[in-house]
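User: Please go through this protein with me as a set of questions and answers, giving the criteria behind each term.

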Amino acid sequence: RVGGDEFLLFIPVGSETEGYRVARQLHRRMEAALNHLPYPIGCSMGVLLLGPREASLTDADVQRADQLMYEAKREGTSLRISTTLDS
């Protein structure tokens, strides 16, 4: 738990493609679970795909993922994915 209703997951995946797939699948499942509640609630996710060089998360990684989540929330997309693989 990062704070409030924000949570951080670190999920190792084998490739960038798999990272996108897992993120989208997790988001779909969260939204489906929330749809069964008697009141309207959604799930905004910021996903940062890290390259294999990153063995652990840095504060900058967490801040970037948090920024992505707020961008998703503002844009109404509810899911925003970015990668450090090109950097």
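The questions below move from the overall fold to the core, the pocket and single residues.

Analyst: This is a predicted model, in which local features need pLDDT of at least 70 and side-chain atom pairs count only at pLDDT 80 or more, while totals for chains, interfaces and linings use all residues. Residues are numbered from 1 along each chain as its sequence is written, and side-chain values use heavy atoms, with hydrogens and water left out.

User: Which pattern does the protein follow when read along the sequence?

Analyst: Helices (H or I, at least four residues) and strands (E, at least two) are DSSP runs, numbered from the N terminus. On that basis the secondary structure comes to two helices and two strands. Read along the sequence, their pattern is α-β-α-β.

User: Why does the protein count as being as compact as a globular protein of its length?

Analyst: The radius of gyration is taken over C-alpha atoms, and the globule rule is 2.2 Å times the number of residues to the power 0.38. For 87 residues this rule gives 12 Å, and the protein is as compact as a globular protein of that length because its own radius of gyration is close to that figure, at 13 Å.

User: Which element gives the most to the largest nonpolar core?

Analyst: A nonpolar core is a set of buried Ala, Val, Leu, Ile, Met, Phe, Trp, Tyr and Cys residues joined through side-chain atoms within 4.5 Å, where buried means under 20% relative accessible area, exposed over 50% and partly exposed in between (1.4 Å probe, protein chains only). The largest such core has six residues, namely Ala 23, Leu 34, Cys 43, Met 45, Val 47 and Leu 49. Helix 1 (16-35) and strand 1 (45-49) each supply at least two residues of this core. The element that gives the most, with three residues, is strand 1.

User: With which residues is Ala 23 in contact, leaving aside its neighbours within four places in sequence?

Analyst: Contact means heavy atoms within 4.5 Å. Ala 23 belongs to the largest nonpolar core, and, with neighbours within four places in sequence left aside, its contacts are Met 45, Val 47 and Ile 81.

User: Which element gives the most to the lining of the largest pocket?

Analyst: On a 1 Å grid over the protein atoms alone, a pocket is an open set of points where a 1.4 Å probe fits, with protein on both sides within 12 Å along at least five of seven lines, and lining residues have an atom within 4 Å of a point. The largest pocket is lined by 40 residues, of which Phe 7, Leu 9, Met 45, Gly 46 and Val 47 lie nearest its centre. Helix 1, strand 1 and helix 2 (59-75) each supply at least two lining residues. The element that gives the most, with seven residues, is helix 1.

User: Is Asp 61 buried or exposed?

Analyst: Asp 61 is found in helix 2 and, leaving aside neighbours within four places in sequence, is in contact with Leu 48, Leu 50 and Ser 56. Because its relative accessibility is 12%, Asp 61 counts as buried.

User: What is the relative accessible area of Leu 50?

Analyst: Leu 50 lies in the loop between strand 1 and helix 2. Leu 50 is partly exposed, because its relative accessible area is 23%.

User: How far apart in space are the C-alpha atoms of Glu 31 and Gly 42?

Analyst: Glu 31 lies in helix 1 and, leaving aside neighbours within four places in sequence, is in contact with Gly 42 and Cys 43. Glu 31 and Gly 42 are 11 residues apart along the chain, and their C-alpha atoms are separated by 6.3 Å.
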